[in-house]
Amino acid sequence: MNILDLIDKKEKGEKLTKEQLKYIVDNYLNGTIKDYQMSAFLTEIDILGLSEEETINLTDIMLHSGEILNLGIDNLADKHSTGGVGDKTTIALAPLVASLNVKIAKMSGRGLGHTGGTIDKLESIQGFKTSMSLDEFKNQVNEVGLALVGQMGNLVPADKKIYALRDVTGTVDSIDLIASSIMSKKLASGAKNIVIDLKIGSGALVENLEEAKTLANLMVKIGKANNKNIACVLTNMDEPLGYAVGNSIEVIEAIDTLKGKGPEDLTNLVIKLGAIMASMSLNITLDKALEKTKENLSNGKAYQKFQEWIKAQGGDIKNIQIAKNSQTITSKKEGYIKSINALEIGKLARKLGAGRLSKDDKIDLTVGIILKHKVGDYIKKNDELATIFYNEKQITEKQLLSCFTFTEEKVEKPKLIIDIIK
Ligand code: URA
């Protein structure tokens, strides 16, 4: 076997066997296949795609390129989001689901997004430990029902190396490569029950519904082929989720949600995802699970579990810092808000210092933007639209105003949950 013949084969539209795919992944990992050769191969996949069987095989090969986490705890649940602006879902969802006696052992990323990843956000809670030994992790999951840390162990090294190359060769958007990348990592973290929040829209990995459905179906097939309970929830990411876009301000919004005072969209999402996870893990109907998730949000049990979890990881929620400087932007127009460009809001939050452009950038956990309104709201001239919390770096009023569009006609609130594929 050699890489040139295999690239040639793919170019002719022929399928590769599992052995051939394994040859490529193994030899790329050990350095025999060079970046430029792998880049040519990934480009072929990006253009011509893989068959379903090839994608399932590639996922399995990537999965077995490193350790697979086995905590010896049955029936764990896990959730993954493809990422969006203002996405603080995990911080409210994980304790809600754990409060229903579903065990969660979650690893999250720092991310190169417009704001930090879940782990960065949680670091705005003073003292919160984002790493621990495997034994501590396991004990906490058993005792508290929930532990959440940064990446640990050598899980899916093939994805790390291939993803870094995809990032600089314009091959991140291949549906087959996204499916195998996400699913190899989910499978490696060992949970039996998996929910994927697949965001669609301007601030998301996938912008169009057809592509999102293809990706969702593929991930569900890979999950099932690996004996997992899996559901993929397609959710709207044209406007930011909730009102807060930053790090510490997102944690505060997640806490408000657990106290029953959160934004409507985030609250509904957390209830729906939570119910799907509980229904799979406890083997109860979705209706029964919905009833239980709503109950635990309103009776304080989800918030209690959150406090227990944060304390177990050394955090103190009394002292979450927000930048001292703020500027509130008011509307120069009147009408219904037609759109709030999630991607542009995300970029502005990053300009304030809330996110990274490269992996070594330091982020400012205290800055960000809090919207005062959502799409569909009616706004009068001089009504408040958003508040900017900033330190050294600031953005202009004009930049923020350009994220909003208005219309005289009534605008329906966008549907947050577009579809569920399982
Ligand atoms: N997130 C991943 O983990 N992998 C991809 O390929 C894209 C998004």
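Visitor: How many disulfides does a search of the whole structure find?
Guide: Zero. A disulfide here is a pair of cysteine sulfur atoms within 2.5 Å. Keep in mind that this is a predicted model, where local features need pLDDT of at least 70, side-chain atom pairs count only at pLDDT 80 or more, and totals for chains, interfaces and linings use all residues. Residues are numbered from 1 along each chain as its sequence is written, and side-chain values use heavy atoms, leaving out hydrogens and water.

Visitor: Cys232, buried or exposed?
Guide: Cys232 is buried, at 1% relative accessibility. Buried means under 20% relative accessible area, exposed over 50%, and partly exposed in between, with a 1.4 Å probe and protein chains only.

Visitor: And Cys403?
Guide: Buried, with a relative accessible area of 2%.

Visitor: New topic. In what order do the four strands of the open sheet run?
Guide: E6-E9-E11-E7, with antiparallel pairing. Strands are DSSP runs of E, at least two residues; helices are runs of H or I, at least four; both are numbered from the N terminus. Two strands pair if DSSP finds at least two bridges between them.

Visitor: Which are the edge strands?
Guide: E6 (244–246) and E7 (325–330), each pairing on one side only.

Visitor: How many bridges join E7 to E11?
Guide: Six, and E11 covers residues 384–390. Gln327 has Ile388 in E11 as its bridge partner.

Visitor: What lies across E6 and E9?
Guide: Helix H11 (residues 248–258), at about 145° to E6. Axes are lines fitted to C-alpha atoms, for helices over the stretch in contact (heavy atoms within 4.5 Å). Angles run from 0 to 180 degrees between N-to-C directions.
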